Amino acid sequence: MVQKYKTKVIEIREDTHNTRVFKVVFDGIENFNFIAGQFVMMWKEDFKNEQGYEIKRAYSIASSPDQKGYLEFCIKKERVFSSMIMNMEVGTELWIEGPHGKFILDNKHRDKDIVFFAGGSGISSVMSLMRALKYEKSKQNIYLFYGFREAKDFIFKNELITYPNKFENFNFVPCVTSGQDPGLPFESKRVNLELIKKYLVSPENKKVFIVGSGPYVVDVRKMCKEFGFKSEDIHVEVY
Ligand SMILES: Cc1cc2nc3c(=O)[nH]c(=O)nc-3n(C[C@H](O)[C@H](O)[C@H](O)COP(=O)(O)OP(=O)(O)OC[C@H]3O[C@@H](n4cnc5c(N)ncnc54)[C@H](O)[C@@H]3O)c2cc1C
């Protein structure tokens, strides 16, 4: 059953210049069951709009269910709520309600290659899914096309650069649109059909997960369909 919980922030990391990765704890966390890739609604009791209502936003859980005792989130600065998050301190109390969402891996994905496309802060839900796959010692072929503008926008860099050694078959394709070297092999362009053909070769035996802003998801989904993926093999989450 979906419930709400009053959480306390116990750790904050300035992961990039405009993102914060933070951990929260709360009473009853041991009974909070979620599936990698799900999200919660989040708000702060004293952070209200002009009409006096709490400002609520959806945030993916970036940690995976095996990471017990806390939930981790990754929030990128946009406007109202996320700007407040940039300035919060350890000890801040945040309400969450959830979990929600179907951007998850299920048993029918287990014998397939998994293809992730993440734009910007969309990497949050992919981290949860990848961490879960790592915990399961997955032997599946995993592809991650991760789009961001400049080298300084590379969220979760320290963890992601270790993944080629942690998975048997991890194909990491950072797509850095400014062309700035992020410190490992990359493509200096937005993801496009040519790149999809280059890395994926064929749509056979693959499941696709696309997450990011509305325009990013629409663009990438269109390309995936052009490449030959069937609608039922494409899962999307729009931030
Ligand atoms: C399922 C789901 C999961 C999500 N997970 C994450 C996550 O893990 N991490 C994350 O960072 N985000 C995530 N988001 C996005 C998040 O919910 C918020 O939408 C985001 O943080 C922006 O909220 P905000 O209050 O800071 O910005 P808002 O004030 O809501 O503004 C959002 C955007 O609206 C536009 N806008 C608003 N007002 C104006 C204006 N006056 N002029 C011009 N443009 C305007 C701008 O483009 C702005 O960037 C998720 C969204 C969904 C639906």
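User: What makes residues of the shell around the ligand count as nonpolar, polar or charged?

Analyst: The shell around the ligand divides into 9 nonpolar, 4 polar and 5 charged residues. Ala, Val, Leu, Ile, Met, Phe, Trp, Tyr, Cys and Pro count as nonpolar, Asp, Glu, Lys and Arg as charged, and the others, Gly among them, as polar. This is a predicted model in which local features need pLDDT of at least 70 and side-chain atom pairs count only at pLDDT 80 or more, while totals for chains, interfaces and linings use all residues. Residues are numbered from 1 along each chain as its sequence is written, and side-chain values use heavy atoms, with hydrogens and water left out.

User: Which residues come nearest to the ligand?

Analyst: Of the 18 residues around the ligand, R57, A58, Y59, E78 and S82 come nearest. A residue is near a molecule if one of its heavy atoms lies within 4 Å of it.

User: Why is the pair formed by K76 and the ligand called a polar contact?

Analyst: A polar contact is a pair of N or O atoms within 3.5 Å. A polar backbone atom of K76 is 2.9 Å from an oxygen atom of the ligand, so the pair meets that limit. For V80, a backbone N or O atom lies 3.2 Å from a ligand oxygen, and for S124 a side-chain N or O atom is 3.2 Å from a ligand oxygen; these pairs therefore qualify as well.

User: How much of the ligand does the protein bury?

Analyst: Taken alone, the ligand exposes 970 Å², and the protein buries 65% of that. Such areas come from the Shrake-Rupley method with a 1.4 Å probe.

User: Which element gives the largest share of the shell around the ligand?

Analyst: The largest share, 4 residues, comes from β4. Strands are DSSP runs of E with at least two residues, numbered from the N terminus.

How values were computed
A polar contact is a pair of N or O atoms within 3.5 Å; within protein, one must be able to donate a hydrogen and the other to accept it, and residues adjacent in sequence count only if both atoms are side-chain atoms.
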